[in-house]
Amino acid sequence: MGCLGSKEESNTNEETNEKPTEKGPRLDPKDYTIGDLTGELAAKMPGEINGQQFIIQNNKDCRIFVLDHAETITIDDCINCQIVIGPCAGSVYFRDCQDCKVLVACQQFRTRDCKKMDFFLCCGTQPVIESSKGMKFGCYQYYYPELEGQFEAAKLSLYNNNWSNIHDFTPAAGETTWGLIPEEDATNIETLIPTPEQYRDRNISSDASMSVVPLTLGSRRKPYDESCLVVFFQYPEMKSHVRRLISDQRRERNQVLVQTKEVSMKPDDVARIFQSEEYRAAADSGPVIGLEFNGKDCVQNTEDALNQICDRSLASIYFSSTPEKALHDIDAFYNFVDLSMS
């Protein structure tokens, strides 16, 4: 996708004496590159990249906002930059960068030879770092009106975020190469990557309550011993109810969202994992969304919230009935997710 004027295509046409097929206007690589800038603000707005490949390279002391979806993005030799990257259907690859603060959503994430980088990340697979150090990670939180549609165009789920599950391909003996952004800074993206005054009218926000990707605890220590699993099967108001439940649990009941997953399940999987035949038929309706909450009296608080928000749809929602059942449910469900996505 987005060949940007491939030499191979040109050579093939010459050798076979075939006329090139109609593929629309040829793309200018300069329109898909932000490079060789110092101390500048550079941006690509929604619709300007539209799923093509993109390059960011050789920038220093810059603020870079790529507010569109792309196929892949490579970022090379950037120093002391603030970078926002819209949803990428494939990989985002950072090489030889340092002292940058980055917000990015992608299917695959990798760094090589990078130093002192802060990432607010949404990644559909396990993020990988290589020959890098001083790397810190937090959960992606961002909103602008076109963003959710861009996630859909890039075929990224809002609920499959492995931001804290980092794999270091080249661990250094006796050295900590990565960690998590301190919790007091993890929801303070606007301070670290402020929205430029020129774009205030675009309704951009890094407030967790507006983010299209839910703020999750990730691998941080759970504050309480009690958790609860909620699994939504498909029904018309499902996504709206998921958002309302997450918001209500955080704001009204002081419950923490630990992790989320969106995955397809077969009827036999559902019966085995939840030890019930009740949800077999619901499994055929489409992917499920699973939420793990943690907090004081978590099971009771979660049941109360579901009764308040989803009272007419409870037949399509599974939730742990006791703290003991929740321990089994969470292990069984996320083990299934790990196997199905590996």
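The chain exposes about 16800 Å², of which carbon and sulfur atoms supply 45%. In this predicted model, buried residues account for 49% of the 342 residues in the chain. The C-alpha atoms fill a box of roughly 65 × 50 × 45 Å along the principal axes, and the radius of gyration of 22 Å agrees with the value near 20 Å that a compact globule of 342 residues would have. The secondary structure comprises eight helices and 16 strands. Of the contacts between residues at least 6 apart in sequence, 55% join residues at least 24 apart.

Helix α7, spanning residues 298-309, illustrates how one element is placed in this fold. Its twelve residues reach 16 Å from the first C-alpha to the last, close to the 16 Å expected at 1.5 Å a residue. Within α7, the residues Cys298, Val299, Asn301, Thr302, Ala305, Leu306 and Ile309 are buried. Because these residues cover an arc of only 165° around the axis, they lie on the same side of α7. An α-helix has 3.6 residues a turn, so residues three or four places apart point the same way. The partners against which the buried residues of α7 pack are β13 (227-232), α5 (238-251), β15 (288-294), β16 (317-319) and α8 (323-341).

The structure holds zero disulfides. The sulfur of Cys62 has its closest cysteine sulfur in Cys81, at 4.8 Å, which is too far for a bond, given that a disulfide requires the two sulfur atoms to be within 2.5 Å. Cys122 likewise is in no disulfide, the nearest cysteine sulfur being that of Cys139, 7.3 Å away. Cys62 is buried, with a relative accessible area of 1%, and Cys122 is also buried, with a relative accessible area of 2%.

The backbone has two residues to note in loops. Most residues other than glycine have a negative phi. Asp113, although not a glycine, has a positive phi, and Asn203 likewise shows a positive value in a residue other than glycine. The table sets out phi, loop and relative accessibility for these two residues.

| Residue | Phi | Loop | Relative accessibility |
|---|---|---|---|
| Asp113 | about 55° | between β7 (101-112) and β8 (115-123) | 36% |
| Asn203 | near 65° | between α4 (189-192) and β13 | 46% |

At these accessibilities, Asp113 counts as partly exposed, and Asn203 counts as partly exposed as well. The loop that holds Asn203 leads to β13, a strand against which the buried residues of α7 pack.

Conventions
Residues are numbered from 1 along each chain as its sequence is written. This is a predicted model: local features need pLDDT of at least 70, side-chain atom pairs count only at pLDDT 80 or more; totals for chains, interfaces and linings use all residues. Side-chain values use heavy atoms; hydrogens and water are left out. Helices (H or I, at least four residues) and strands (E, at least two) are DSSP runs, numbered from the N terminus. The expected span of a helix is 1.5 Å times one less than its number of residues. Buried means under 20% relative accessible area, exposed over 50%, partly exposed in between (1.4 Å probe, protein chains only). The arc is that of the directions from the helix axis to the C-beta atoms. Contact means heavy atoms within 4.5 Å. The radius of gyration is taken over C-alpha atoms; the globule rule is 2.2 Å times the number of residues to the power 0.38. Accessible areas come from the Shrake-Rupley method with a 1.4 Å probe; for residues, only the protein chains shown count as cover.
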